[in-house]
Amino acid sequence: MLSEKLLGKLNEQITHEFYSAHYYLAMAAYFTKEDLDGFANFFLVQAEEERFHAMKFFNFINDQGQEAIITGFKDPKRDFKSAEEIFTLALEHEKLVSSLINDLMALAQEEKHYPSISFLQWFIDEQVEEEANMNKLLSKVQRVGEKGHGILMLDRELSERSFTPDAE
Ligand code: FEO
């Protein structure tokens, strides 16, 4: 049985994950407008991953015999100016999500709720990867610049990304 406090925080994380999906969808829309379809694909896949994360929390709460609460959220930003700005914001966002997951883990440990500790460990590991991916892409975008051959090469590379939940 989850305590009211832990249940509340796990429920909030459903919203954070769905918000992340929305945020990345807004980034995909920017890149589509800019005809950078590979970058758009990267963020479309990222949005799918975030929905997958949200559903993991939803299912975990259900499996604990408690009710998942679905709430709304604010509009995501949409007036993006560049690829560099987007990867800077995406990295910042993943760092925020990591801190939320860390806080959840700290609470689960404080309450000695072992099923939650086990469940959250997947997210702790996932966040290391999420931050590393955004960091690496930010560096690459900074290296190649916003115009020219480099950005098109990177666009082609990012068009290959696909969503594979089994490999998560
Ligand atoms: Fe759900 Fe990108 O972390």
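Here is a short chat about helix packing and salt bridges in a predicted model.

Biologist: What should I know about the model and its numbering before we start?

Modeller: Residues are numbered from 1 along each chain as its sequence is written, and side-chain values use heavy atoms, with hydrogens and water left out. It's a predicted model, where local features need pLDDT of at least 70, side-chain atom pairs count only at pLDDT 80 or more, and totals for chains, interfaces and linings use all residues.

Biologist: Are helix 1 and helix 2 roughly parallel or roughly antiparallel?

Modeller: Helices here are DSSP runs of H or I with at least four residues, numbered from the N terminus. Helix 1 covers residues 4–33 and helix 2 residues 37–63, and they pack at about 165° with axes 8 Å apart. Axes are lines fitted to C-alpha atoms over the stretch in contact, with angles from 0 to 180 degrees between N-to-C directions. Over 145 degrees counts as roughly antiparallel, so helix 1 and helix 2 are roughly antiparallel.

Biologist: How many nonpolar residues sit in the contact of helix 1 with helix 2?

Modeller: Ala, Val, Leu, Ile, Met, Phe, Trp, Tyr, Cys and Pro count as nonpolar, Asp, Glu, Lys and Arg as charged, and the others, Gly among them, as polar. The contact has four charged and six polar residues, and the nonpolar ones number 21.

Biologist: How many salt bridges are there?

Modeller: The rule asks for a side-chain nitrogen of Lys or Arg within 4 Å of a carboxyl oxygen of Asp or Glu. One of them pairs Lys9 with Glu12 at 3.5 Å, N to O; both lie in helix 1, three residues apart, about one turn of the helix. By this rule the count is six.

Biologist: Which helices hold Lys140 and Glu157?

Modeller: The side chains of Lys140 and Glu157 meet in a salt bridge at 2.9 Å, N to O. The pair ties together parts that are 17 residues apart in sequence, because Lys140 lies in helix 4 (residues 114–144) and Glu157 in helix 5 (residues 149–158). So the names are helix 4 and helix 5.

Biologist: What is the relative accessible area of Glu157?

Modeller: Buried means under 20% relative accessible area, exposed over 50%, and partly exposed in between, using a 1.4 Å probe and protein chains only. Lys140 counts as partly exposed at 24%. Glu157 is partly exposed too, at 41%.

Biologist: Which residues are joined into one network by salt bridges that share partners?

Modeller: Asp79 forms a salt bridge with Lys77, the closest N and O atoms being 3.0 Å apart. The network joins Lys77, Asp79 and Glu85.

Technical notes
Angles under 35 degrees count as roughly parallel, over 145 as roughly antiparallel, 65 to 115 as roughly perpendicular and the rest as oblique.
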